[in-house]
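This report looks at one pocket, then at the chain around it. Start with the model below.

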Amino acid sequence: MTIAMGLVANYPLALASGMGLNAPSLPARGGPEAPWPAAMGVIVLEGVVITVLVLTGFREAIMHAIPASLKRAIGAGIGLFILSSV
């Protein structure tokens, strides 16, 4: 995906598609003792939802509706979440 992003979109950005779901999929499937196919189902479902949002243009409308200060705060919150899980 990173190569496609650079070659097709001409936008030099590294991508790690679906990696953000590693943490939320655990509680969504009931904890570490639940079967791994349940987590894979959550990830596939998220991919389908995101694809629909992108194809309809709704994702872009949402991104334009969020103020820049809130976007920065969300980025900082995600960074702190990652830091706390290390």
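I50, V54, R59, M63, I66, K71, I74 and I78 line the second largest pocket. A pocket here is an open set of points on a 1 Å grid over the protein atoms alone, where a 1.4 Å probe fits, with protein on both sides within 12 Å along at least five of seven lines; lining residues have an atom within 4 Å of a point. Helix 3, helix 4 and helix 5 each give two or more residues to this lining. Helix 5 gives the most, with three residues.

The model is predicted: local features need pLDDT of at least 70, side-chain atom pairs need 80 or more, and totals for chains, interfaces and linings use all residues. Residues are numbered from 1 along each chain, and side-chain values use heavy atoms, without hydrogens and water.

| Feature of the second largest pocket | Value |
|---|---|
| Volume (space filled by probe spheres set on the points) | about 240 Å³ |
| Nonpolar lining residues | six residues |
| Polar lining residues | no residues |
| Charged lining residues | two residues |

The protein chain has five helices and zero strands. Helices are DSSP runs (H or I) of at least four residues, and strands are runs (E) of at least two. Helix 5 covers residues 68-84 and holds I82.

Of the 86 residues, 7% count as buried, meaning under 20% relative accessible area with a 1.4 Å probe, protein chains only. The accessible surface of the protein chain is about 6800 Å², and carbon and sulfur atoms hold 74% of that surface.

Terms used: Buried < 20%, exposed > 50% of the residue type's maximum accessible area, 1.4 Å probe, protein only. Areas by Shrake-Rupley, 256 points an atom, 1.4 Å probe, with all protein chains shown as cover. Nonpolar A, V, L, I, M, F, W, Y, C, P; charged D, E, K, R; others polar.
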